[in-house]
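Thanks, everyone. I would like to use my few minutes on how two helices pack, and then on the core around them.

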Amino acid sequence: MSISLSSLILLPIWINMAQIQQGGPDEKEKTTALKDLLSRIDLDELMKKDEPPLDFPDTLEGFEYAFNEKGQLRHIKTGEPFVFNYREDLHRWNQKRYEALGEIITKYVYELLEKDCNLKKISIPVDATESEPKSFIFMSEDALTNPQKLMVLIHGSGVVRAGQWARRLIINEDLDSGTQIPFIKRAVAEGYGVIVLNPNENYIEVEKPKIHVQSSSDSSDEPAEKRERKDKVSKETKKRRDFYEKYRNPQREKEMMQLYIRENGSPEEHAIYVWDHFIAQAAAENVFFVAHSYGGLAFVELMIQREADVKNKVTAVALTDSVHNVWHQEAGKTIREWMRENCCNWVSSSEPLDTSVESMLPDCPRVSAGMCLIRDI
């Protein structure tokens with residue numbers, strides 16, 4: 001079994017505590033002092049010192065993985081599925097590696113939406129300036145002109161982006177299980193226009209600007225000796241600050257800040273924005289929604305904000321494990337009545353497919369999905 005540097009540092013303290021605790025009542029004060037010392041040690045930060053660099057490939061090939069003909073992610077050389085615990089006892093590093101792979105897969109799915117599904121990437125806000133943060137959705141060529149049918153897909157919360165249902169399923173199962181691609185291809189084959197929302201793309205991250213402090217030596221009125229003393233103190237202060245920063249952030253991870261996308265700063269805002277600028281303008285006589293998990297909540301919020309318009313255009317809504325709550329969201333009686341007639345929520349259940357499942361909420365029917373629903377984002 002390997003022992004990390006942080007464990008070796010803390011081992012003498014743990015041993016000392018064990019010895020003191022065996023000593024008796026007069027040793028309680030020392031025990032309290034040691035516990036206080038341990039509480040001041042940031043174990044997460046200390047453990048970063050044991051990590052290899054957080055420097056990961058930016059392509060699937062770099063990770064030595066590829067999707068096979070069945071859409072399964074497999075190691076190029078061994079043919080084995082993805083291994084999360086690549087480095088033993090380095091959970092944070094393994095998690096960062098998993099997240100880096102996830103970002104590559106997100107871009108890969110975007111490419112499939114354009115190349116395999118023939119969808120177009122549409123930038124939003126529609127009137128965005130060149131310099132402001134932007135997001136995007138995907139649409140079929142006939143999404144706004146198809147006179148009959150339009151399918152709108154909304155995924156859940158978390159790390160998933162447009163075209164995905166569950167990142168975990170993409171990585172550990174296959175593309176058909178974890179992406180919206182089978183839904184999109186079937187919809188197109190059956191004559192639907194398609195719009196794929198991207199409700200979790202709410203902001204961009206940029207590096208925080210560094211604050212430059214003007215050097216005291218810039219003051220030309222001060223005597224040279226005084227300036228030299230100030231410079232010396234400034235250098236010592238900087239040296240101590242750099243030493244602390246090296247402990248606090250040994251991997252030199254960049255400090256980031258979030259710049260929110262105008263009118264798309266949350267999944268609910270995004271759904272309303274896409275409705276106003278695209279779905280409401282679509283020629284389709286019948287609009288259908290498929291909304292998973294938090295996507296169901298976003299749809300209910302859309303109904304609350306645009307009730308008359310939604311009732312006029314939307315024919316039916318398929319919810320999957322939706323987390324909406326008509327009480328908490330304060331959906332009115334007329335909305336609840338419409339949902340009972342036009343919505344259905346398929347939920348994870350051990351019952352056979354489409355078996356009625358009891359609900360505590362007075363909105364849409366709940367039926368069993370036969371244990372085949374997405375359970376992880």
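The crossing of α11 and α13 is right-handed, and I should say at once that what you are looking at is a predicted model. The two helices pack at an angle of about 130°, their axes lying 10 Å apart, which makes α11 oblique to α13, since angles of 65 to 115 degrees would count as roughly perpendicular and those over 145 as roughly antiparallel. On the α11 side the residues that meet the partner are F299, V300, M303 and I304, and on the α13 side they are I335, W338 and M339.

Now to α11 by itself, which has 12 residues and reaches 17 Å from its first C-alpha to its last, close to the 16 Å expected. Nine of those 12 residues are buried, so the helix is largely enclosed by the rest of the structure; among the buried ones are G295, G296, L297 and E301.

What does this helix belong to? Both α11 and α13 supply at least two residues to the largest nonpolar core, and that core has 38 residues, with L150, I195, I279, F289, F299 and M339 having the most contacts inside it. Other elements that each supply at least two residues include the strands β3, β5 and β9 and the helix α10.

Which residues does I279 touch? Leaving aside residues up to four places away in sequence, I279 touches L150, V152, I195, V274, V287, F289 and K313.

Apart from this core lies another, of 37 residues, and A100, I105, L113 and I181 are among them.

Technical notes: Residues numbered from 1 in each chain as written. Predicted model: local features only at pLDDT ≥ 70, side-chain atom pairs only at ≥ 80, totals over all residues. Heavy atoms only, no water. Core = buried A, V, L, I, M, F, W, Y, C linked by side-chain atoms within 4.5 Å. Buried < 20%, exposed > 50% of the residue type's maximum accessible area, 1.4 Å probe, protein only. Helix = DSSP H or I, 4+ residues; strand = E, 2+ residues; numbered from the N terminus. Contact = heavy atoms within 4.5 Å. Expected span 1.5 Å × (residues − 1). Axes fitted to C-alpha atoms, helices over the stretch in contact; angles between N-to-C directions. Parallel < 35°, antiparallel > 145°, perpendicular 65-115°, else oblique. Left-handed = near helix turned anticlockwise from the far one by under 90°.
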